[in-house]
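Biologist: Before I rely on any label attached to this protein, I should like to hear the reasoning behind it. Would you take the assignments in turn?

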Amino acid sequence: MLHETKKRKIGRNDPCPCGSGLKYKKCCMNKPRSNMDRVDVKRMYAEKYRIRLKDAQDVEGIRRAGRLVVDTLDLAERHIKPGIKTDDINKLVHDFTVKHGATPAPLNYRGYPKSVCVSVNEVICHGIPSDRVLKDGDIVNVDVTSILNGYYADASKTFFVGKAGADAKKIVVVARGSLKVGLRQVRPGNTIGDIGWAIQQYAEGEGCSVVREFVGHGVGFDFHEPPQVPHYGRKGEGVPLVPGMVFTIEPMINLGRKDLYVLDDNWTAVTEDGSLSAQFEQTVLVTDTGYESLTPYEL
């Protein structure tokens, strides 16, 4: 998909298609049009940032995979209750994914042994399903990535197990709100830094902390693609957003400090202070006017 100035009007505050990183009004807006009309944003983003913009066919493929991911999360939610093992959730996800003609992306990815990540309480991410039994009052994040007809989509939600306590309610509300405020920053003319800035301001304003070691990422053609999408940062910095970009926003928010360590399995990341951690994630497309979630669920 070519995003040329003669095919899509560029706003004064949009990123300049020349790739300078400046706003259009401060760069090429008043320069001769002959060169600007030949700008191929798709090629430029591939060369400068290694970001592969998606065309309409690609977006539809990711959208279909995304619908399956959301259906899988809904299935998991219906079965989550005290007494269920995290490995039971893995079996549900695996069987449902395969039944619908897709492949669970985490399985054997860099040696990961299961089809889904299931992270309980102090586990920030990459929890490996096991014989661990969920108890009343737990919170559990289920992170699903499916490959359908060659396209990847990625999303996660944090669920209450039984009756939630005050701390559990707070961290889940703040994690959900963090994704909301991040999504609001997704539109042409903004940058990757605007997303992280908004999330950090909100989460820290609620007395929580933002994990630094794990970030959102491009997705669609592969499990992890450029760009990286930190959930902290400075307004106006980073890659300018343009239509056709597809990436995840997946803030991991801790009730206590941001510090973490990884267990001996080399996957499971937990809060250093033992505090609760929660996460919500969606795969998003930058459109001409804003964004579309390709893994839509209510926040």
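Modeller: The exchange below concerns cysteines and charged side chains in a predicted model.

Biologist: Why is C117 not counted as part of a disulfide with C125?

Modeller: A disulfide requires two cysteine sulfur atoms within 2.5 Å. The closest cysteine sulfur to that of C117 belongs to C125 and lies 7.5 Å away, which is too far for a bond. The structure as a whole holds zero disulfides.

Biologist: What makes C117 and C208 buried?

Modeller: The term applies under 20% relative accessible area. C117 has 10% relative accessibility and therefore counts as buried; C208, at 6%, is likewise buried.

Biologist: Why is the contact between E47 and R43 called a salt bridge?

Modeller: The cut-off between side-chain nitrogen and carboxyl oxygen is 4 Å. The closest N and O atoms of E47 and R43 are 3.6 Å apart, so the pair qualifies. Both residues belong to helix α2 (residues 41-49), four residues apart, and are thus separated by about one helical turn.

Biologist: How do you know whether E47 and R43 are buried or exposed?

Modeller: Exposed means over 50% relative accessible area. E47 has 60% and R43 has 56%, so each is exposed.

Biologist: What makes R212 and E204 a salt bridge?

Modeller: Their N to O distance is 3.8 Å, and the definition asks for a separation within 4 Å. R212, at 25% relative accessibility, is partly exposed, as is E204 at 37%. Elsewhere, salt bridges with shared partners link E60, R63, R64, R67 and E292 into one network.

Definitions and conventions. Residues are numbered from 1 along each chain as its sequence is written. This is a predicted model: local features need pLDDT of at least 70, side-chain atom pairs count only at pLDDT 80 or more; totals for chains, interfaces and linings use all residues. Side-chain values use heavy atoms; hydrogens and water are left out. Buried means under 20% relative accessible area, exposed over 50%, partly exposed in between (1.4 Å probe, protein chains only). Helices (H or I, at least four residues) and strands (E, at least two) are DSSP runs, numbered from the N terminus.
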